[in-house]
Amino acid sequence: MAMTTITIALLLILTLWLPPALAGNTWGEVDAALPGRPQVIGFYSAGCLSGATMLPLQGEGFQVMRPSRNRFYGHPSLIAFLQALGRQEAARGERILIGDMAQPRGGPMAFGHGSHQSGLDVDIWFAQAPRGQILSFRETETLPMLPVIDATAGRLNPTRWSPRLRDTLKLAADNPVVERIFVNPIIKQAVCHSEGAERTWLRKLRPWWGHDEHFHVRLRCPADSPLCEPQKPLPPGDGCDEDLDRWAWEVQQIALGLRTRQMPLERREPVLPTTCAAVLNGYPVQ
Ligand SMILES: [Zn+2]
């Protein structure tokens, strides 16, 4: 009896002593998606995913990079979008390299992204592989991501950029499921200058820091997910304006060491919808 009391007391002390689980790490440790109908819950940077689908590690016109991270899950609309883009790339002899999507149940990540939480975000490398060239597992894990801009010169790097990458961006932007695409301001500025009269697709290209060795595609909330929280609508116009020029100039100034980027003082932990606690604990959303 005394032993039992001591054991319970010890267990209690141990339980109380355990530090609270770090949200990002906990979600990252879940290795399987939940079954059931697909549901996006919450916002891109504070959400989760039930009934996710896994993108095959390779298919027609695409291959998944860094597969050991287990971030190749998404809402079926994201899988269908990537497979369609892959087919379009294969038709012109190329193969896109897919970076991070979401974890099996979405949620915050221990490293690398503020968003990618709800199964509607994907990073696609600017580097592409020839259609017939399938990368080895080792290559998918180790090939470096290389920027396609020469930031100190404030322009694209002509040895890494090609008009075919503009075509890939347009193919992605023309898909109606795509809500916006994040690229470095220098890339957006260059595409603004090279486009002719057909400029409506440029509206979806949104300037953001980084995003010079990959572009980030964000899909709109799918019709089957009433708990999905949409982002504010895009501003009107093609976004080829003074603000963009200012931002591109700032990227160059920072690369030259003449300015420092103003960072937010602290990154706040995202507050996830309560439904996500059930998803994390293994209860599919009905
Ligand atoms: Zn991203």
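This is a short walk through the structure, from the whole chain down to its sheet and the helices beside that sheet.

The model is predicted. Start with how confident the prediction is. The mean pLDDT of the protein is 91. A pLDDT of 70 or more is reached by 90% of its residues. One stretch calls for caution. Over residues 6-24 the pLDDT is below 50. Beyond near neighbours in sequence, this stretch has 6 contacts in the model.

Now take in the whole protein. The C-alpha trace spans about 85 × 45 × 40 Å along its principal axes. There are 286 residues, and 35% of them are buried. The protein holds 8 helices and 13 strands. How do its parts of the sequence meet? Look at contacts between residues at least 6 apart in sequence: 76% of these join residues at least 24 apart.

Next, find the open sheet. It has 7 strands, in the order β4-β5-β7-β8-β13-β11-β12. The pairing in this sheet is mixed. Its edge strands are β4 (58-59) and β12 (205-207). Each of these two pairs on one side only.

Step across the sheet, strand by strand. Begin at β7, residues 94-98, beside β8, residues 121-130. These two strands run antiparallel, and 4 bridges join them. One bridge to pick out is that of E94, whose partner in β8 is P130.

Move on from β8 to β13, which covers residues 214-219. Here 5 bridges join the two strands, and again the direction is antiparallel. Look for D123, which stands opposite H216 in β13.

From β13, go one strand further along the order, to β11. Strand β11 takes in residues 178-183. It pairs with β13 in the antiparallel sense, over 4 bridges. Find I181: its bridge partner in β13 is V217.

Finally, add the helices. Helix α3, residues 76-91, packs on the sheet. Which strands does α3 touch? They are β4, β5 (62-64), β7, β8 and β13. The direction of α3 makes about 150 degrees with that of β7.

Helix α6 is the next one to locate, at residues 185-194. It lies across β11 and β12. Relative to β12, helix α6 runs at about 135 degrees.

Trace the sheet once more to fix the picture. Begin at the edge strand β4 and finish at the other edge, β12. On the way you pass β5, β7, β8, β13 and β11, in that order. Helix α3 packs on this sheet, and helix α6 lies across β11 and β12.

Notes
Residues are numbered from 1 along each chain as its sequence is written. This is a predicted model: local features need pLDDT of at least 70, side-chain atom pairs count only at pLDDT 80 or more; totals for chains, interfaces and linings use all residues. Two strands pair if DSSP finds at least two bridges between them. Two residues are in contact if their C-beta atoms, placed from the backbone, lie within 7 Å. Axes are lines fitted to C-alpha atoms, for helices over the stretch in contact, and angles run from 0 to 180 degrees between N-to-C directions. A residue is buried if 20 or more other C-beta atoms lie within 10 Å of its own, exposed if 12 or fewer, and partly exposed in between; C-beta atoms are placed from the backbone. pLDDT is the predictor's confidence in each residue, from 0 to 100.
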